[in-house]
Amino acid sequence: VTTALITHQSCFDHVTPEGHPERVARLKSVLEGLGGAEFDGLLREESPAVEMDIVGRVHTAAHIDHILASDQQSERRKVDPDTFMSIGSSKAALHAAGAVVRAVDLVSVGSARNGFCAVRPPGHHAEPDAAMGFCLFNNVAIGAMRARDKWGHTRIAVVDFDVHHGNGTQAAFFDDENAFYGSTHQSPLYPGTGLEPFTGISGNIVNAVLEPGAGSTEFREAYEDCILPGLLEFQPDFLLISAGFDGHVADPLAGLNLSDDDFVWLTRRLMDVANSACSGRLVSVLEGGYDLVALRSASAAHVRALME
Ligand SMILES: [Zn+2]
């Protein structure tokens, strides 16, 4: 039983304007990084399109209609100050969310030990009723609902190490005492949320802020002191990761000084929690990461750790 790698060709058909950081080349870079012989053991699958009933567990009908309507439009459209859709974007969004559903299914039946979803558009800024910050549907939150509805994994946790706060995931989980969201993120930085350390209906949202210039020491302390204890106390039945690699020192959108080793360290720590709490059930989902070289290297290091 190995690590699943789920992606879909349509994720290359979500085309953003020239110069936009969330670009097609990102996914090409990630998949190239996972192409070597050391990754031959991955269980590689193409994702199906997500079913709409599960999307509706996270998003409003109005938001879903708004995103799906893009295929009837011939020109690129702007759905948020930073978020664009092209022909093909709604299909990409359906397969990106579908990848997380598929990975959750493979892990739940035991066909894979854990999984990584190499997809775009990313998801953690997508609010229940709005696209935001390059994100159309909240892929990881949709996967969380699949784990609960289909497989009975009631208590679901998402740990988000993207350099930005996952406001959308926090919003989706805020009133759900059986859902845990733990995030490290730089502040000040987009989107400006996530400043309350313990919030949500039952303290089920744990936010740890990192100052610009913070590096390995501060990052690891935030997990050891804050997020991992909260996660262990929560005792998830299924663990998902919002894996953004934009905290890397080379990333152009943020100011943290993380290296591949920090992502590997956290991946191993989260696997330890999953092993102790939920028989290792863990699915990781690509979020940000905008320096192509760093993204390729860090995502490969992350998947290498998942395969250990
Ligand atoms: Zn990010």
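**Exercise 1. Surface and burial**

Task: State how much accessible surface the protein chain has, and what share of it belongs to carbon and sulfur atoms.

Solution. The accessible surface of the protein chain amounts to about 11,000 Å². Of this surface, 50% belongs to carbon and sulfur atoms. The model is a predicted one. A further step concerns burial: a residue is buried when its relative accessible area is under 20%. By this criterion, 60% of the 308 residues of the protein chain count as buried.

**Exercise 2. Overall form**

Task: Determine why the protein chain is described as being as compact as a globular protein of its length.

Solution. Begin with the secondary structure: the protein chain contains nine helices and 11 strands. Next, compare two values: the radius of gyration is 17 Å, and the globule rule gives 19 Å for 308 residues. These values are close, so the chain is as compact as a globular protein of that length. The dimensions may then be added: the C-alpha trace spans about 50 × 45 × 40 Å along its principal axes. Finally, consider the contacts between residues at least 6 apart in sequence: 76% of them join residues at least 24 apart.

**Exercise 3. Charged side chains**

Task: Give the numbers of positive and negative side chains and the separation of their centres.

Solution. The protein chain carries 22 positive side chains and 41 negative ones. The centres of the two sets lie 6 Å apart.

**Exercise 4. The nonpolar core**

Task: Identify the residues with the most contacts inside the largest nonpolar core, and the helix that gives the most to this core.

Solution. The largest nonpolar core comprises 91 residues, and Phe116, Leu240 and Val283 have the most contacts inside it. Helix α4, residues 89-109, gives the most to this core, with 11 residues. Leu240 may now be examined further. When residues up to four places away in sequence are not counted, Leu240 touches Val100, Val104, Val140, Ala144, Ile156, Ala157, Val158, Val159 and Val283.

**Exercise 5. Two loop residues**

Task: Classify Gly255 and Glu196 as buried, partly exposed or exposed, and list their contacts beyond four places in sequence.

Solution. Partly exposed residues lie between the limits of 20% and 50% relative accessible area. Gly255, in the loop between β10 (238-243) and α8 (260-278), has 27% relative accessibility and therefore counts as partly exposed. Beyond its neighbours within four places, Gly255 is in contact with Gln186, Pro212, Gly213 and Ala214. Glu196 is located in the loop between β7 (179-186) and β8 (198-199). With 38% relative accessibility, Glu196 likewise counts as partly exposed. Beyond its neighbours within four places, Glu196 is in contact with Gln170 and Asn207.

**Exercise 6. Backbone geometry**

Task: Locate the cis peptide bonds that precede Pro121 and Pro188, and describe phi of Gln235 and Ser279.

Solution. The peptide bond from Arg120 to Pro121 is cis, with omega near 0°. Pro121 belongs to the loop between β5 (112-117) and α5 (139-151). Ser187 and Pro188 are also joined by a cis peptide bond, with omega about 0°, and Pro188 belongs to the loop between β7 and β8.

Turning to phi, Gln235 is not a glycine, yet its phi is positive, at about 55°. Gln235 stands in the loop between α7 (216-234) and β10, and its relative accessible area of 38% makes it partly exposed. Ser279, also a residue other than glycine, has a positive phi near 55°. Ser279 lies in the loop between α8 and β11 (282-286). Its relative accessible area is 64%, so Ser279 is exposed.

Technical notes. Residues are numbered from 1 along each chain as its sequence is written. This is a predicted model: local features need pLDDT of at least 70, side-chain atom pairs count only at pLDDT 80 or more; totals for chains, interfaces and linings use all residues. Side-chain values use heavy atoms; hydrogens and water are left out. Helices (H or I, at least four residues) and strands (E, at least two) are DSSP runs, numbered from the N terminus. The radius of gyration is taken over C-alpha atoms; the globule rule is 2.2 Å times the number of residues to the power 0.38. Buried means under 20% relative accessible area, exposed over 50%, partly exposed in between (1.4 Å probe, protein chains only). Contact means heavy atoms within 4.5 Å. Accessible areas come from the Shrake-Rupley method with a 1.4 Å probe; for residues, only the protein chains shown count as cover. Lys and Arg count as positive and Asp and Glu as negative; His and the chain ends are not counted. The place of a charge is taken as NZ of Lys, CZ of Arg, CG of Asp or CD of Glu. A nonpolar core is a set of buried Ala, Val, Leu, Ile, Met, Phe, Trp, Tyr and Cys residues joined through side-chain atoms within 4.5 Å.
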